[in-house]
Amino acid sequence: LQCLAPLLQMARTQKNKATAHHLGLLKARLAKLRRELITPKGGGGGGPGEGFDVAKTGDARIGFVGFPSVGKSTLLSNLAGVYSEVAAYEFTTLTTVPGVIRYKGAKIQLLDLPGIIEGAKDGKGRGRQVIAVARTCNLILIVLDVLKPLGHKTLIEHELEGFGIRLNKQPPNIGYKRKDKGGINLTATCVQSELDLETVKSILAEYKIHNADITLRSDATADDLIDVVEGNSYTKPKGQLPDYTSPVVLPVERTSVEDFCLKIHKTLIKEFK
């Protein structure tokens with residue numbers, strides 16, 4: 001219900017240059033509310049739900065997402081040899097089932113996520129808990145029933161988009177650095193059709209950010225900036241003991257010596273010679 005207020009205001013607001021900063025603020029407010037659906041405020045108790053607290057291990061995580069009874073459990077069983085209860089009725093898998101495969105020395109974690117349902121982004125059913133885990137994945141594999149329409153794929157993509165999971169898209173080319181003082185400093189290296197200083201300040205104010213350096217390296221939208229700000233507040237997996245036998249796996253676009261050091265430990269680069 002809390003999400004309805006900003007949605008209604010956005011629908012009533014005419015989109016033009018004069019209202020851009022107001023729409024940006026509403027989009028930021030909506031993004032915060034949706035995040036709070038899966039990460040409630042306050043500590044202790046509750047958690048994301050039984051069976052959903054799966055430790056992230058290995059070099060990458062792949063989540064199988066789909067409607068109930070489309071074959072996710074069977075696919076995981078065939079790929080990783082992990083048994084997940086399979087039955088001909090819907091909602092068999094009620095918890096997240098992890099499996100692991102190895103590829104060229106890299107350890108890849110596979111997750112069989114319970115069947116997602118339409119409306120999960122609005123907090124219905126256990127869909128929000130599924131999406132909470134899906135957000136931690138490096139790759140989302142949408143599993144579909146070949147006998148059902150591809151419209152299911154569109155519905156699932158809509159649910160994932162609603163919680164800020166951007167499929168098959170590059171991260172926004174926006175530099176974002178918080179600081180202790182100095183206010184909001186906005187730099188744009190190209191012409192901006194949507195974002196200006198007032199709009200940027202409105203969005204950041206919703207997150208109680210009043211001091212930051214923002215660099216727009218492409219024609220960015222309010223949603224792009226919100227994604228960057230939201231993306232900088234999700235927790236990272238806890239550190240693990242060093243493994244001197246397994247390779248260090250880096251993304252293909254991040255293979256510098258600095259990237260290598262940061263992959264091992266964030267303080268290593270400071271002592272590197």
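# Close-up views of a predicted model

**View A. Asn 168 is an exposed loop residue.** Asn 168 has a relative accessible area of 82% and is exposed (buried means under 20% relative accessible area, exposed over 50% and partly exposed in between, with a 1.4 Å probe and protein chains only). The model is predicted, so local features need pLDDT of at least 70 and side-chain atom pairs count only at pLDDT 80 or more, while totals for chains, interfaces and linings use all residues. Residues are numbered from 1 along each chain as its sequence is written, and side-chain values use heavy atoms, with hydrogens and water left out. To find Asn 168, look in the loop between α5 and β5 (174–178); helices (H or I, at least four residues) and strands (E, at least two) are DSSP runs numbered from the N terminus. Most residues other than glycine have a negative phi. Asn 168 is not a glycine, yet its phi is positive, at about 55°.

**View B. Lys 208 and Tyr 207 share a loop between α6 and β7.** Are these two residues buried or exposed? Lys 208 counts as exposed, at 64% relative accessibility, whereas Tyr 207 is buried, with a relative accessible area of 15%. The strand at the far end of their loop, β7, covers 212–216. Lys 208 is a residue other than glycine with a positive phi, near 60°. Tyr 207 can be paired with Ile 226: they are 19 residues apart in sequence, and their C-alpha atoms are 9.6 Å apart in space.

**View C. Helices α6 and α7 cross at roughly 35°.** Helix α6 spans residues 197–206 and helix α7 spans residues 222–231. Their axes come within 11 Å; axes are lines fitted to C-alpha atoms, for helices over the stretch in contact, and angles run from 0 to 180 degrees between N-to-C directions. The crossing of α6 past α7 is right-handed (the near helix is turned clockwise from the far one by less than a right angle; anticlockwise would be left-handed). Which residues make the contact? From α6 come Val 200, Ile 203 and Leu 204, and from α7 come Ala 222, Leu 225, Ile 226 and Val 229, where contact means heavy atoms within 4.5 Å. Sorted by class, this contact has 7 nonpolar residues, no polar and no charged ones. Here Ala, Val, Leu, Ile, Met, Phe, Trp, Tyr, Cys and Pro count as nonpolar, Asp, Glu, Lys and Arg as charged, and the others, Gly among them, as polar.

**View D. Glu 206 and Glu 159 are two buried glutamates.** Glu 206 belongs to helix α6 and counts as buried because its relative accessible area is 14%. Leaving aside neighbours within four places in sequence, Glu 206 is in contact with Leu 25, Ala 28, Arg 29 and Lys 32. Glu 159 sits in helix α5 (residues 151–162) and is buried too, at 3% relative accessibility. Glu 159 and Ile 131 are 28 residues apart in sequence, with 8.6 Å from C-alpha to C-alpha.

**View E. Cys 137 is buried and Cys 190 is partly exposed.** Cys 137 has 13% relative accessibility, and Cys 190 has 31%. How many disulfides does the structure hold? The count is 0, with a disulfide taken as a pair of cysteine sulfur atoms within 2.5 Å.

**View F. The whole chain has 9 helices and 7 strands.** Of its 273 residues, 34% are buried. Among contacts between residues at least 6 apart in sequence, 67% join residues at least 24 apart. The accessible surface comes to about 16900 Å², and carbon and sulfur atoms account for 55% of that area (Shrake-Rupley method, 1.4 Å probe; for residues, only the protein chains shown count as cover).
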